[in-house]
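Biologist: Hi! Could you walk me through this structure in plain words?
Modeller: Happy to. Let's put it on the screen.

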Amino acid sequence: MNIANLPAADEVLANLCTWASTAAPYLAAASPVALAVWIWWAIRRARLVRAALADRVTLEVVPTSTFDPSEGEVGRWARQLGRVHHSTQGVPARGSAARLRYSAEDGKMRCFLEGPATAAAVLAMPGFAEVEVRAHRAQKDIQPVRFPAPREGAK
């Protein structure tokens, strides 16, 4: 390329003004549509997150007294928890995160694993050889089975 072959600045400015005046009506028509699509997408994401946060499962992770994981086991469990996000069916990361919660009750430390209900199967998979994963006792969807008392005189 040669500098002599480049267009002059006033020619470039004239071409730019011509392009802008031609495209202005189309851009004006497309911007409300783009804004509406963006608003719809934001509302959809917020609803997905809200639904995922409202429907979560809690599992208790109970290790044995001889629990001593190797570095490989810890890495394998971390990768397993990383799959939780992929099993939540398109929920944004904010609503599909797994959470480890620790609490101390009566001098005993307890570990809880919490995540979206759609990823309950991944969360319930044991990650370590000497760890039991239990459904949390306060889980609302597990109801006790009750049998009605037999009526007197009925056989």
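Modeller: Let's go through its pockets, salt bridges and surface in turn, keeping in mind that this is a predicted model.

Biologist: Great, pockets to begin with. How big is the volume of the largest pocket?
Modeller: The volume of the largest pocket is about 330 Å³. Its lining is made of 16 residues, and those nearest its centre are Val61, Val62, Pro63, Arg110 and Cys111.

Biologist: Which helices and strands supply at least two residues of that lining each?
Modeller: Strands β1 (56–63), β3 and β4 (131–135) do, and so does helix α2 (71–82).

Biologist: And how do the lining residues of the largest pocket divide into nonpolar, polar and charged?
Modeller: Twelve are nonpolar and four are charged, with no polar ones in the lining of the largest pocket.

Biologist: What about closed spaces? How many cavities of 30 Å³ or more does the structure hold?
Modeller: Just one cavity reaches that size. The space in the largest cavity is about 50 Å³.

Biologist: Which residues line the largest cavity?
Modeller: Going along the chain, they are Val61, Trp77, Leu113, Leu123, Met125, Pro126, Gly127, Phe128, Val131 and Val133. Nine residues of this cavity lining count as nonpolar and one as polar, and there are no charged ones. You may remember Val61 from the residues nearest the centre of the largest pocket.

Biologist: Nice, I do! Now salt bridges: how many are there?
Modeller: The count comes to six salt bridges. One of them joins the side chains of Arg56 and Glu114, at 3.1 Å from N to O. Arg56 sits in strand β1 and Glu114 in strand β3, so this pair links distant parts of the chain, 58 residues apart.

Biologist: Are Arg56 and Glu114 buried or exposed?
Modeller: Both Arg56 and Glu114 are buried.

Biologist: You mentioned Arg110 by the pocket. What does the side chain of Arg110 meet in a salt bridge?
Modeller: Arg110 meets the side chain of Glu60, with 2.9 Å from N to O. Arg110 is in strand β3 and Glu60 is in strand β1, so the pair ties together parts that are 50 residues apart in sequence. Arg110 and Glu60 are buried too.

Biologist: How about Glu132, what does it form a salt bridge with?
Modeller: Glu132 pairs with Arg134, and their closest N and O atoms are 3.4 Å apart. Glu132 has a relative accessible area of 43%, so it counts as partly exposed. Arg134 is partly exposed as well, at 38%.

Biologist: Which residues do salt bridges with shared partners join into one network?
Modeller: That network is made up of Arg56, Arg99, Arg101 and Glu114.

Biologist: Let's switch to the surface. Which residues make the nonpolar surface patch?
Modeller: Leu13, Leu16, Trp19 and Leu27 make a nonpolar patch of about 480 Å². Leu16, for one, lies in helix α1, which covers residues 9–54.

Biologist: Why does Leu16 count as exposed?
Modeller: Exposed means over 50% relative accessible area, and Leu16 has 52%, so it counts as exposed.

Biologist: Last one: what is the phi of Asp106?
Modeller: Phi of Asp106 is near 55°, which is a positive value in a residue other than glycine. For background, most residues other than glycine have a negative phi. Asp106 is in the loop between β2 (99–105) and β3 (108–116). Asp106 also counts as exposed, because its relative accessibility is 80%.

Technical notes: Residues numbered from 1 in each chain as written. Predicted model: local features only at pLDDT ≥ 70, side-chain atom pairs only at ≥ 80, totals over all residues. Heavy atoms only, no water. Patch = residues over 30% accessible without salt bridge, like charges linked within 9 Å, V, L, I, M, F, W, Y side chains within 5 Å. Areas by Shrake-Rupley, 256 points an atom, 1.4 Å probe, with all protein chains shown as cover. Salt bridge = Lys/Arg side-chain N within 4 Å of Asp/Glu carboxyl O. Helix = DSSP H or I, 4+ residues; strand = E, 2+ residues; numbered from the N terminus. Buried < 20%, exposed > 50% of the residue type's maximum accessible area, 1.4 Å probe, protein only. 1 Å grid on protein atoms, 1.4 Å probe; cavity = no way out; pocket = protein on both sides within 12 Å on 5 of 7 lines; lining within 4 Å. Points joined across faces, edges and corners; volume = space filled by probe spheres on them. Nonpolar A, V, L, I, M, F, W, Y, C, P; charged D, E, K, R; others polar.
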